[in-house]
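Open the model in your viewer and switch to a cartoon view. Each stop below says what to select and what is there.

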Amino acid sequence: MADFFIMLYSLYHINSISPYQVIKDTEETVRFITDDGVEYMVAFIEDDNLEIDHAYQLVISNISKTKTKGVDIKIGQTIAAIVNSFFIDNQNVLLFICDISDSHQAARNRKFSSWFQQYADLSNMMMETEVILVEDNAYFISVIYCRNSGKALSVSQIFHSYIHDLKSKLDY
């Protein structure tokens with residue numbers, strides 16, 4: 001199974017375009033440390049909720065639990081390099097769900113969306129975001145896929161149908 005995960009990303013590709021040195025942690029995770037010493041982990045977790053082949057959840061975690069001083073544009077550039085490497089296989093699909101544990105999910109969504117707009121190949125990649133309201137919480141869920149994958153329309157339709165089904169279950 002390790003050979004399968006090696007194809008999820010290429011450290012060579014990532015480090016050829018990333019401002020921070022990225023290292024392999026496990027077969028499905030990588031790490032990097034910022035100039036301020038903040039350590040981040042980025043993971044690709046296989047996801048079968050959408051029932052789409054090659055679908056993964058993207059997890060971005062500040063494992064140091066410390067804040068970056070000021071704005072560090074290299075963080076977004078590094079995460080973009082990791083995500084861009086993941087999409088070398090244009091059949092891959094990413095789900096990104098913003099963490100709600102500290103009620104800053106809207107800010108996380110804005111930051112990730114900003115990174116995507118700045119650093120993604122928008123001619124090839126597409127990101128669609130939906131919001132699900134549950135009591136006092138807003139869940140931001142995004143799907144990212146390649147426009148030229150041959151399954152782009154299907155991914156979009158399945159994603160929106162899945163979100164619609166979740167919302168309808170909440171209405172009961």
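In which loop is the place of K65? Select K65: its place is in the loop between strand 4 and helix 3. Keep in mind throughout that this is a predicted model. K65 has a relative accessibility of 70% and counts as exposed. Now add E39 to the selection. K65 and E39 are 26 residues apart along the chain, and their C-alpha atoms are separated by 8.4 Å.

**The sheet**

Next, colour the strands. Seven strands form an open sheet, in the order 1-2-3-4-5-7-6, and the pairing is mixed. Strand 1 and strand 6 are the edge strands, each pairing on one side only. From one strand to the next, the twist averages 25°. As background, strands of a sheet pair through backbone hydrogen bonds, in either a parallel or an antiparallel way.

Start at one edge by selecting residues 22–26, which are strand 1, and residues 29–33, which are strand 2. These two strands pair in the antiparallel sense over four bridges. A hairpin of two residues joins strand 1 to strand 2. For one bridge, pick K24, whose partner in strand 2 is V30.

Move on to strand 3, residues 39–46, and strand 4, residues 55–62. They also pair in the antiparallel sense, here over seven bridges. Two positions are worth clicking. M41 stands opposite S61 in strand 4, and A43 has V59 as its bridge partner in strand 4.

Which sense of pairing, parallel or antiparallel, links strand 4 and strand 5? Strand 4 and strand 5 pair in the parallel sense, over three bridges. Select A55 to see it standing opposite V93 in strand 5.

**The loop between strand 3 and strand 4**

Go back along the chain to D53, which is in the loop between strand 3 and strand 4. D53 has 59% relative accessibility and so counts as exposed, the cut-off being over 50%. Leaving aside neighbours within four places in sequence, D53 is in contact with Q91 and K151. Add Y40 and draw a distance between the C-alpha atoms: D53 and Y40 are 13 residues apart along the chain and separated by 27 Å.

**Helix 3 and the loop after it**

Select residues 73–86, which make up helix 3. At 1.5 Å a residue, its 14 residues should span 20 Å, and the end C-alpha atoms are 20 Å apart, which agrees. At the N-terminal end, show the side chain of D72. D72 caps helix 3 there, with a side-chain oxygen 2.9 Å from the backbone nitrogen of K74.

Is helix 3 largely enclosed by the rest of the structure or largely open? Helix 3 is largely enclosed, because 10 of its 14 residues are buried. Among the buried residues to select are I75, I79, I82, V83 and F86.

From F86, step to N92, in the loop between helix 3 and strand 5 (93–97). N92 is buried, with a relative accessible area of 3%. Its side chain reaches the backbone oxygen of F86 at 2.8 Å. Not counting residues up to four places away in sequence, N92 touches H54, Y56, F86, F87, I144 and Y145.

**Helix 4 and helix 5**

Select residues 105–119 for helix 4. Helix 4 lies across strand 4, strand 5, strand 6 and strand 7, and runs at about 20° to strand 7.

Finish with helix 5, residues 152–170. This helix has 19 residues and reaches 27 Å from its first C-alpha to its last, close to the 27 Å expected at 1.5 Å a residue. Which residues of helix 5 are buried? They are A152, V155, S156, F159 and I163. These residues cover an arc of only 100° around the axis, which puts them on the same side of helix 5. An α-helix has 3.6 residues a turn, so residues three or four places apart point the same way.

Now look at what lies against that side. The buried residues of helix 5 pack against strand 5, strand 6 (125–134) and strand 7 (137–146). For the last stop, turn the view round and select L153, H164 and K169, which are exposed on the other side of helix 5.

Terms used
Residues are numbered from 1 along each chain as its sequence is written. This is a predicted model: local features need pLDDT of at least 70, side-chain atom pairs count only at pLDDT 80 or more; totals for chains, interfaces and linings use all residues. Side-chain values use heavy atoms; hydrogens and water are left out. Two strands pair if DSSP finds at least two bridges between them. The expected span of a helix is 1.5 Å times one less than its number of residues. Buried means under 20% relative accessible area, exposed over 50%, partly exposed in between (1.4 Å probe, protein chains only). A polar contact is a pair of N or O atoms within 3.5 Å; within protein, one must be able to donate a hydrogen and the other to accept it, and residues adjacent in sequence count only if both atoms are side-chain atoms. Contact means heavy atoms within 4.5 Å. The arc is that of the directions from the helix axis to the C-beta atoms. Axes are lines fitted to C-alpha atoms, for helices over the stretch in contact, and angles run from 0 to 180 degrees between N-to-C directions.
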